[in-house]
Amino acid sequence: MTERERMIAGKLYNPADAEIMQEQTGCAHFLKEYNALGQGDEARMKELMQQMFAEVGEGCYIQPPFYANWSGKHVHLGRNVYANFNLTLVDDADIYIGDMTMIAPNVTITTATHPILPSLREKALQYNVDVHIGKNVWIGAGVIILPGVTIGDNSGIGAGSVVTKDIPANVVAVGVPCRVMRPIGERDEIYYYKDNKIDL
């Protein structure tokens, strides 16, 4: 197997391999241009996202600056995904983000990691595991999502959480490490914040 094939298969591999570096470097110019854009440049941003990402649904918006190892090459966005500034995607493996998911500032989603054994790390080896985020998920500011994690539909992840394990659908989860605090329930259908009633 080539190092590129090992990377795609989730095996230990050398990320500094010449073939991998050439392909990764070829993606970088898209990201540089994207991050130079701002309000008023939405049409060009949309064009770039179509070139950068593996899949982009209608109505997606990522506020610059945005960072990704592969400029989004392994990222799959559903419809109407919104991310605020300083989103970091370590997209050495696939990242799937479902429809209507909202991402607050300074969120990191990482698929890449390194082995525990020091002798393997001395060789600068790494491996990657896909991340799956469901539909209509709310990810709070400063959240870190680690390799291999799945977050179920409709769940909310509290600000500053470090998500190390799967989170089911329809829950509020917070903390370091992130844990389920409670299900989304009847009270959430009446109050949007503390004792403030939904009035729409």
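Here is a short conversation about some of the terms used for this predicted model.

Author: Welcome! This is a predicted model in which local features need pLDDT of at least 70 and side-chain atom pairs count only at pLDDT 80 or more, while totals for chains, interfaces and linings use all residues. Residues are numbered from 1 along each chain as its sequence is written, and side-chain values use heavy atoms, with hydrogens and water left out.

Reader: Why is the aromatic pair of tyrosine 34 and phenylalanine 66 called edge-to-face?

Author: Rings of Phe, Tyr and Trp (its six-membered ring) pair if their centres lie within 6.5 Å; planes under 30 degrees apart count as stacked, over 60 as edge-to-face and the rest as tilted. Tyrosine 34 and phenylalanine 66 are 6.2 Å apart centre to centre, with 75 degrees between the planes, so the edge-to-face label applies.

Reader: And what makes the pair of phenylalanine 53 and phenylalanine 66 stacked?

Author: Here the centres are 5.8 Å apart and the planes 20 degrees apart, so the pair falls under the stacked cut-off. Ring pairs thus link Tyr34, Phe53 and Phe66 into a cluster.

Reader: How do you know that phenylalanine 53 counts as buried?

Author: Buried means under 20% relative accessible area, exposed over 50%, and partly exposed in between (1.4 Å probe, protein chains only). Phenylalanine 53 has 6% relative accessibility, so it counts as buried. Phenylalanine 66 is buried too, with a relative accessible area of 0%.

Reader: Why is H2 called roughly antiparallel to H3?

Author: The axes of H2 and H3 come within 10 Å and cross at roughly 160 degrees. Axes are lines fitted to C-alpha atoms, for helices over the stretch in contact, and angles run from 0 to 180 degrees between N-to-C directions. Angles under 35 degrees count as roughly parallel, over 145 as roughly antiparallel, 65 to 115 as roughly perpendicular and the rest as oblique, and that makes H2 roughly antiparallel to H3.

Reader: What makes arginine 187 lie over the face of tyrosine 191?

Author: A charge sits over a ring if NZ of Lys or CZ of Arg is within 6 Å of the ring centre and within 35 degrees of the ring normal. Arginine 187 is at 4.2 Å from the ring centre of tyrosine 191 and lies over its face.

Reader: Why is lysine 194 called exposed, and asparagine 106 partly exposed?

Author: Lysine 194 has a relative accessible area of 62%, so it is exposed. Asparagine 106, at 40% relative accessibility, counts as partly exposed. Phi is positive in both residues, near 45 degrees for lysine 194 and near 60 degrees for asparagine 106.

Methods
Helices (H or I, at least four residues) and strands (E, at least two) are DSSP runs, numbered from the N terminus.
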